[in-house]
Amino acid sequence: MFHIVLVAPEIPHNAGAAGRLALATASRLHLVKPLGFSLDDKHVRRTGLDYWQDVDLRVWDSLEDLKKEADPAANFWLLSTKATRAHWDAPFRDGDYLVFGCETKGLPEAMVHGAGDQGIRIPMAPGGTRSLNLSTAIAITLYEAVRQDRTW
């Protein structure tokens, strides 16, 4: 299984789309606080997440807490427009974590640069746009990981 990690997500619809992608790929969704929305039933229903109860979801106080509980052999791939390596050049393996920052700021630049080759980006045409929607970026990266893994 792959792991989708959203660090400080702000928009419930993006978390909902990530949950749907997790279900479609038998992945686990991790949300790292602070969250820009509530996970209580009222808010979940409002965002149309009628399948939310089926999502394999974990909520963490910090990324460090998640890393402490993760399999030490797993890779943590940090997605950012600040990275230089293309996502299709990353050798994804079952059990890896795909880490995305919040919608307005992304992941901290120092964190991305500190990740070395595990900092990856989705290539985009020069001058086209500065970034992709979070749920779109998750789908592109997750399905490349699934394509490489080909377990189903």
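Where in the chain does Ser 131 lie? Select Ser 131 in this predicted model, and you will find it in the loop between S7 and H5. At 33% relative accessibility, Ser 131 counts as partly exposed, and, setting aside residues up to four places away in sequence, it touches Thr 81 and Met 124.

**The annotated positions**

Keep Ser 131 selected and add Leu 79, Gly 101 and Ile 122, since UniProt, in an unreviewed entry, lists these four residues under "binding site". Although they are spread over 53 residues of sequence, they cluster in space, with a largest C-alpha distance of 14.0 Å. Leu 79, Gly 101, Ile 122 and Ser 131 are included in the lining of the largest pocket.

Turn next to Ile 122, which sits in the loop between strand S7 (119-121) and helix H5 (134-149). Ile 122 is buried, with a relative accessible area of 13%, a value that falls under the 20% limit used for that word. Show its surroundings and, not counting residues up to four places away in sequence, you will see that Ile 122 touches Leu 79, His 87, Leu 132, Ala 137, Ile 140 and Thr 141.

**The largest pocket**

Now display the largest pocket, whose volume is about 500 Å³. It is lined by 23 residues, of which Thr 81, Glu 103, Gly 106, Ser 131 and Leu 132 lie nearest its centre. Colour the secondary structure around it, and note that S7 and H5 each supply at least two residues of the lining.

**The nonpolar cores**

From the pocket, move to the largest nonpolar core, which has 27 residues, and select Ile 4, Leu 6, Leu 29, Phe 92, Phe 100 and Ile 138, the residues that touch the most other members. The elements that give two or more residues to this core are strand S1 (3-7), helix H1 (12-25), S2, strand S4 (76-79), strand S6 (97-100) and H5. Of these contributions, the largest share, six residues, comes from H5. In soluble globular proteins, nonpolar side chains tend to be buried together.

Centre the view on Phe 92, which, leaving aside neighbours within four places in sequence, is in contact with Phe 2, Trp 77, His 87, Leu 98, Ile 120, Thr 141, Glu 144, Ala 145 and Gln 148. A second, separate core of 17 residues can then be picked out, and it includes Val 5, Val 7, Ala 8 and Ala 70.

With Phe 92 still marked, select Phe 76 in strand S4. The two residues are 16 apart along the chain, and their C-alpha atoms are separated by 9.7 Å. At 11% relative accessibility, Phe 76 counts as buried. Apart from neighbours within four places in sequence, Phe 76 is in contact with Leu 66, Lys 67, Ala 70, Tyr 97, Val 99 and Gln 118.

**A histidine in strand S2**

The last stop is His 30, placed in strand S2 (residues 28-32). Is the residue buried or exposed? His 30 is buried, because its relative accessible area is 2%, and the limit for a buried residue is under 20%. Show side chains here to find the polar contact of 2.9 Å that joins those of His 30 and Trp 60. If residues up to four places away in sequence are not counted, His 30 touches His 3, Ile 4, Val 5, Leu 6, Arg 58, Trp 60, Leu 66 and Tyr 97. Two names in that list link back to the earlier stops: Ile 4 is among the residues with the most contacts to other members of the largest nonpolar core, while Val 5 is included in the second core.

How values were computed. Residues are numbered from 1 along each chain as its sequence is written. This is a predicted model: local features need pLDDT of at least 70, side-chain atom pairs count only at pLDDT 80 or more; totals for chains, interfaces and linings use all residues. Side-chain values use heavy atoms; hydrogens and water are left out. Helices (H or I, at least four residues) and strands (E, at least two) are DSSP runs, numbered from the N terminus. Buried means under 20% relative accessible area, exposed over 50%, partly exposed in between (1.4 Å probe, protein chains only). A polar contact is a pair of N or O atoms within 3.5 Å; within protein, one must be able to donate a hydrogen and the other to accept it, and residues adjacent in sequence count only if both atoms are side-chain atoms. Contact means heavy atoms within 4.5 Å. UniProt positions are given in the numbering used here, feature names are shortened, and annotations may be inferred rather than shown by experiment. On a 1 Å grid over the protein atoms alone, a cavity is a set of points where a 1.4 Å probe fits but cannot get out, and a pocket is an open set with protein on both sides within 12 Å along at least five of seven lines; lining residues have an atom within 4 Å of a point. A nonpolar core is a set of buried Ala, Val, Leu, Ile, Met, Phe, Trp, Tyr and Cys residues joined through side-chain atoms within 4.5 Å. Grid points are joined across faces, edges and corners, and a volume is the space filled by probe spheres set on the points.
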